[in-house]
Amino acid sequence: MRDTPRPQGTAGDTGSELPRHRPGCAFAHATGASGSGTPHRSDGRPSHTPRGARQAGPTVRPGTTPPVPGRTALFFSLVSGLSALFALITWQIAADGPLRRLDERAGRALVGHGPQWLTECLADLGNMQVALPVLGCAVVLTLLRGERRAPLATVLAMVAVPLLVVPLKDWIARPGPLTDATGYYPSGHAATAAVAYGAAALLLAPHVRRSWMMPVAAVLMTVATGIGLVLRGYHWPLDVLGSWCLCGVMLVALWLVSRRSRRRSSSRTPSC
């Protein structure tokens, strides 16, 4: 009769002894090496999990903030919404649509309300002599703190304001509330105030203790400028709103550049 085949053993096995676990195999993977109690598992994972199926999370260097997909979606949503609203307002103004006629009725009803000295001061917040020094101080302070990319983007955005607004004024050729002269849409003063105060807030917010105060102050000054322009009869309400939509797109882009610049600077800072 043929002998019953015996199970094959490894080299060095004697007789019918069961194979022993070699040190340095399964035990070497266990946390704390000896005394694990689970020699075939390296970290207590369930038995149905394949060894090669585990994948490490995204590699994040110390001191960096992982990217947040929701913020990118918010960025595109804001840009799309502001662009669509600006296109709608511009179309209505250029085509003499019902929105323009409603705007002119509201503008005539608002002109002259409020103390003249107050509304004049509010409108003057959009003058370059007032808004540009505020932005310049924010740029200088940010440069002194070692930032380069965000201040440069801010200066380019401010330069882009007249390059965008002036051709639109010439193309639309809208007359003002109190004059037959044309070139009132969009409002240059409202655009200057929105970019100057908004960009200054974006630059300074990371460097102050209560960062929320910067955007709040920028919004208040921008809205105050628009109110003064409308109450003094310098612009129609949609002149101001159109400028806010146009410059809002620029500010959202600056916000994204500022976030990326801070993320890169923090990644270069060694962690303690």
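The lining of the largest cavity comprises 7 nonpolar, 2 polar and no charged residues. In this classification Ala, Val, Leu, Ile, Met, Phe, Trp, Tyr, Cys and Pro count as nonpolar, Asp, Glu, Lys and Arg as charged, and the others, Gly among them, as polar. The structure is a predicted model, in which local features need pLDDT of at least 70 and side-chain atom pairs count only at pLDDT 80 or more, while totals for chains, interfaces and linings use all residues. Residues are numbered from 1 along each chain as its sequence is written, and side-chain values use heavy atoms, with hydrogens and water left out.

**Cavity and pocket**

Two terms apply here, both evaluated on a 1 Å grid over the protein atoms alone: a cavity is a set of points where a 1.4 Å probe fits but cannot get out, and a pocket is an open set with protein on both sides within 12 Å along at least five of seven lines; lining residues have an atom within 4 Å of a point. Grid points are joined across faces, edges and corners, and a volume is the space filled by probe spheres set on the points.

The structure contains 1 cavity of 30 Å³ or more, and the largest cavity encloses about 40 Å³ of space. Its lining is formed by Ala150, Ala153, Thr154, Ala199, Leu202, Leu203, Leu254, Val257 and Ser258. Helix 6 (149-172), helix 7 (188-204) and helix 9 (237-268) each contribute at least two residues to that lining. Helices (H or I, at least four residues) and strands (E, at least two) are DSSP runs, numbered from the N terminus.

The largest pocket has a volume of about 580 Å³. Two or more residues of its lining come from each of helix 7, helix 8 (213-231) and helix 9. Helix 9 provides the largest share, 8 residues. The pocket is lined by 22 residues, of which Gly198, Leu202, Pro215, Val219 and Leu251 lie nearest its centre. By class, this lining has 16 nonpolar, 5 polar and 1 charged residues. Leu202 is among the residues that line the largest cavity, and Leu202 is also one of those nearest the centre of the largest pocket.

**Overall architecture and confidence**

The chain has 9 helices and 0 strands. Of its 272 residues, 32% are buried; buried means under 20% relative accessible area, exposed over 50%, and partly exposed in between (1.4 Å probe, protein chains only). Contact means heavy atoms within 4.5 Å. Among contacts between residues at least 6 apart in sequence, 72% join residues at least 24 apart. The chain exposes about 17,200 Å², of which carbon and sulfur atoms supply 63%; accessible areas come from the Shrake-Rupley method with a 1.4 Å probe, and for residues only the protein chains shown count as cover.

The average pLDDT, the predictor's confidence in each residue from 0 to 100, is 80 for the chain, and 69% of the residues score at least 70. Over residues 24-43 pLDDT stays under 50, and the model has 16 contacts beyond four places in sequence for this segment. Residues 49-61 likewise stay under 50, with 9 such contacts. Where pLDDT is low, the predicted coordinates should not be read in detail.

**Buried residues within helices**

Aspartate 103 lies in helix 3 (residues 98-110) and counts as buried because its relative accessibility is 5%. Leaving aside neighbours within four places in sequence, aspartate 103 contacts Arg174, Trp236, Pro237 and Leu238.

Cysteine 247 is located in helix 9. With 1% relative accessibility, cysteine 247 is also classed as buried. Residues up to four places away in sequence not being counted, cysteine 247 touches Ala191, Ala194 and Val195. The C-alpha atoms of cysteine 247 and leucine 82 are separated by 9.0 Å, although the two residues are 165 residues apart along the chain.

**Backbone features in loops**

The peptide bond from tyrosine 185 to proline 186 is cis, with omega near -10°. Proline 186 belongs to the loop between helix 6 and helix 7. Two residues other than glycine with positive phi are tabulated below.

| Residue | Phi | Loop | Relative accessibility |
|---|---|---|---|
| Aspartate 96 | about 55° | between helix 2 (69-94) and helix 3 | 42%, partly exposed |
| Alanine 173 | near 55° | between helix 6 and helix 7 | 31%, partly exposed |
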